[in-house]
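Below are some comments on the model you sent, set out as numbered points. They begin with one detail of the backbone and then move from the whole chain to single strands.

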Amino acid sequence: MTARFTVEPWAVGIESVDAAHLAQEESVFGLSNGHIGWRGNLDEGDPRGVAGSYLNGVFEEHPMPHAEDGYGYPETGQTVINVPNGQLIRLLVGDEPFDVEHGTVHAHARRLDLREGTLHREVDWESAEGRRVHIATTRLVSLEHRSLAAVRYRVQALDAPLAITVLSEVLANEPLPVTHDDPRVQELLARPLETVAASERGARSTLLHRTRRSGLHVAVSTDHLVQASGQGAPEVTTEVDDDLSRTRIRVDLAPGEELEVVKLVGHEWSASLAPQTLRDRAEEAVEEAARLGWDALVAGQRAVLDRYWECGDVRIDGDARLQQAVRFALFQVFQASARAESRSVPGKGLTGSGYEGHTFWDFEAFVLPVLTSTAPDAALQALRWRHATLDHARERARTLGLRGASFAWRTIDGRESSGYWPASTAAFHINAAVAGAVMHYVRTTGDRDFEREAGTEILVETARLWASLGRWDETGGFHIDGVTGPDEYTAVVDDNVYTNLSARRNLRGAAAAARRHPDVAAHLGADDEEIAEWESAADAMTVLYDKERQVHSQSAGFTAHARWDFDATGPDEYPLHSHFPYFDLYRKQVLKQADLVLALYTSHEEFTWEEKARAFAYYDALTVRDSSLSAAAQAVIAAEVGHLELASAYLAELAALDLDDLHGNTDEGLHIAALAGIWTGVTAGYGGMREGDDGLSFRPQLPDGVTRLAFGVRLHGCILHVDITPAETTYRLSAGEPVTIRHAGEELVLHAGVPSSLPTPDRVEPLTPAPVPPRWREPGRPRAGD
């Protein structure tokens, strides 16, 4: 597939405009800060693929339709909605509206700058009547000022005097794509916002709305800084009604003269604060931005990103596409969470309404490890959000007849919003993912305050869940039955290895935390007997192994099932879940995504290298990657067991996922967890980085063509810089106390400011031939999927 976007080390750009591709481009060019999300819609609003202006946590409730009701099924669902959209800036040249589908577009370019954190657009347009203008816009969603987004809009008359009118708007109740067949839900989501108040003064306006069922109040305020280079002063007026505010700016320009409008947009929402309080906060955000001015806003944005890139940057010499993709991925992961501040991070971030704005297990399993290693403050806020939902998780566990806490499979505010229980309620491994993220964060940062205040409670309540969910057999083995692991083509099984090993880690982590904080454990009612029960269950956890085939069985009986007939499956019959019944998928050896192979990475200390090699050879050949979450784990383990070329192919697929719209659904938003997987695939695959109770270890190896890989990891408030070439690997600790790591099995003590270099080990010799992916599912092939 030919890339449509420019390949640059620090930017993603495109030098054309085509309505057929706008929806994907709007996701790619989306800007957010974890609180505000603006899709990369054209400034004028039309043409567009999907309108998108979001506030993290703002949703509407709706009835949850079920074909047949059942005990424990959620009665209400949650769907992200568009908040009043402040992106819109329409232009009239004389009496002709600027529209890229009319007139003549002599040049059109958009560029997302990953260091500046801005989206820039340049247009040279001539109207049907021959009036020609140059338009330059720059947009940002502030990483420094949480409630603020801003646009600088400049229009220049090129070769004749022109009357220019700019219409700067805020528009409420823009429609979302229809995702529900139920007409009750469609009606509710068509106009989810009710007007509370609207006001205007000069170039400023504020709209206040309330969601109809979820009862959330939203305030959006705007102001404008206007200047023109010519003799005439711009005329500025503002009008508002229930769902629209419009500031009209009119000026006459001679050839070469320019009008500049800086639009400042403040956003606030709350479930509990008075609307007037939200109005005041949104207006204050705008006032502060006006005092600072555009240049200061841009400088502040760059300063935040400079601090992030100091550690977060990954340098790859020799693979320009992967270099761009990993920086694009890291930028998206960071901006999705930087100012979320005790809110969830949706599966699509704030780049689209896909998955209805829900967050899933993959945030803790895939995204949080990246944030913990590169932006731990953002990771902390996300973990505090999970802790804030514990009461919902406890209630869910009680509904299921279990102890402890069971976190929602998909949610916005912590309540379960999934009605398909085999792939949601039964997927209890989400609880181990949350617990694992807590343990990784504490180990990496040394933040014992968080562990004491929140982390231990999460670990204790999830350990209680596992203890009540499992059973003991007559020989003293501990089993977890009737669960669904990461692979969604295998459901409601016994002793899923990934789940069991993750639960073991959870149980042991809870016991250790409870002993470090005995007063917290006592407050939670966890006594020595209960803690010992967790440890006993962990020690006795069943881990299935098929001696005949010399591989771990993904779950009880899995390796005895019939294999899926890949040769009889055509290329147009993927993704499988769209063309075959689930009951058939569930009883065959076929994997939507890495499951046991994911366990080889997340529980790497539980397997020998030989076991990993045989398991990868067996399961990789069964994995069709109908999920975007799969390729990262496959890349990591392929590299570890000596199939470096295959690892590179999986990484190339991840790099193309959203930039090339490989799954055909980037229009719904970016795949944030899969983007995080690019970082994991590079650092844990090529870098061979592993994290465990004994600290960090590395076993680096570079593929052909890559001459250098460099990245950073935050460790106890410092940065560990890793720089790999084919000849040697250098480690440098930025500050702090000495740190002990392992390089290719050799212990190495690092001292702050003193680089340590060792030979890069030879490439791993594989134990087995490289597995052949299922037919039509070779890495990089265009596909539909999740």
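Where is the place of Pro-575?

1. Pro-575 has its place in the loop between β24 (562-563) and α14 (582-586). As the model is a predicted one, the geometry here deserves a careful reading: a cis peptide bond joins Tyr-574 and Pro-575, with omega at about -5 degrees.

2. A cis peptide bond also joins Asp-46 and Pro-47, and omega is about -5 degrees there. Pro-47 lies in the loop between β4 (36-38) and β5 (53-55), and these two strands belong to an open sheet of three strands, ordered β3-β4-β5 with antiparallel pairing. Since β3 (31-32) and β5 stand at the edges and each has a single partner strand, one side of each is left without a neighbour in the sheet. The antiparallel pairing of β3 with β4 extends over two bridges, and Ser-32 has Gly-37 in β4 as its bridge partner.

3. On the scale of the whole chain, the protein has 19 helices and 33 strands. A compact globule of 786 residues would have a radius of gyration near 28 Å, and the value for this chain is 27 Å, which agrees. The C-alpha trace spans about 90 × 60 × 60 Å along its principal axes.

4. Of the 786 residues, 62% count as buried, and the accessible surface of the chain comes to about 28000 Å², of which 47% belongs to carbon and sulfur atoms. Among the contacts with a separation of 6 or more, 69% are accounted for by residues 24 or more positions apart. The chain carries 74 positive and 119 negative charges, and the mean positions of the two sets are 1 Å apart.

5. Two residues should be noted for their backbone angles. Val-492 has a positive phi of about 50 degrees although it is not a glycine, and this residue is found in the loop between β23 (478-479) and α11 (497-516). Because its relative accessibility is 36%, Val-492 counts as partly exposed. His-716, which is not a glycine either, has a positive phi of about 50 degrees and lies in the loop between β28 (708-715) and β29 (718-724).

6. Is Thr-211 buried or exposed? Thr-211 has its place in strand β16 (residues 204-211), and with a relative accessible area of 0% it counts as buried, the cut-off being under 20%. If neighbours within four places in sequence are left aside, Thr-211 is in contact with Phe-59, Glu-60, Ile-81, Pro-192, Leu-193 and Leu-216. Glu-187, which is 24 residues from Thr-211 in sequence, is 13 Å from it in space, C-alpha to C-alpha.

7. The next points concern the faces of two strands. In a regular strand the side chains alternate between the two faces of the sheet. Strand β33 (residues 756-759) shows such an alternation, in that Ser-756 and Leu-758 point to one face and are buried, while Ser-757 and Pro-759 point to the other and are not. Its pairing with strand β30 (residues 728-733) is antiparallel and runs over four bridges, with Leu-758 in β33 as the bridge partner of Thr-729.

8. Which residues form the covered face of strand β31 (residues 739-743)? They are Val-739, Ile-741 and His-743, whereas Thr-740 and Arg-742 make up the uncovered face. One residue from each face can be followed into a pairing. On the covered face, His-743 stands opposite Phe-698, within the parallel arrangement in which two bridges join strand β27 (residues 695-698) to β31. On the uncovered face, Thr-740 stands opposite Val-749 in β32, and here five bridges join β31 to strand β32 (residues 746-750), the two strands running antiparallel.

9. The hairpin formed by β31 and β32 has two residues between the strands, and in it Ala-744 takes a positive phi near 50 degrees. This turn could be inspected together with the loops of Val-492 and His-716, where positive phi values of about 50 degrees are likewise found.

Technical notes
Residues are numbered from 1 along each chain as its sequence is written. This is a predicted model: local features need pLDDT of at least 70, side-chain atom pairs count only at pLDDT 80 or more; totals for chains, interfaces and linings use all residues. Side-chain values use heavy atoms; hydrogens and water are left out. The radius of gyration is taken over C-alpha atoms; the globule rule is 2.2 Å times the number of residues to the power 0.38. Buried means under 20% relative accessible area, exposed over 50%, partly exposed in between (1.4 Å probe, protein chains only). Contact means heavy atoms within 4.5 Å. Accessible areas come from the Shrake-Rupley method with a 1.4 Å probe; for residues, only the protein chains shown count as cover. Lys and Arg count as positive and Asp and Glu as negative; His and the chain ends are not counted. The place of a charge is taken as NZ of Lys, CZ of Arg, CG of Asp or CD of Glu. Two strands pair if DSSP finds at least two bridges between them.
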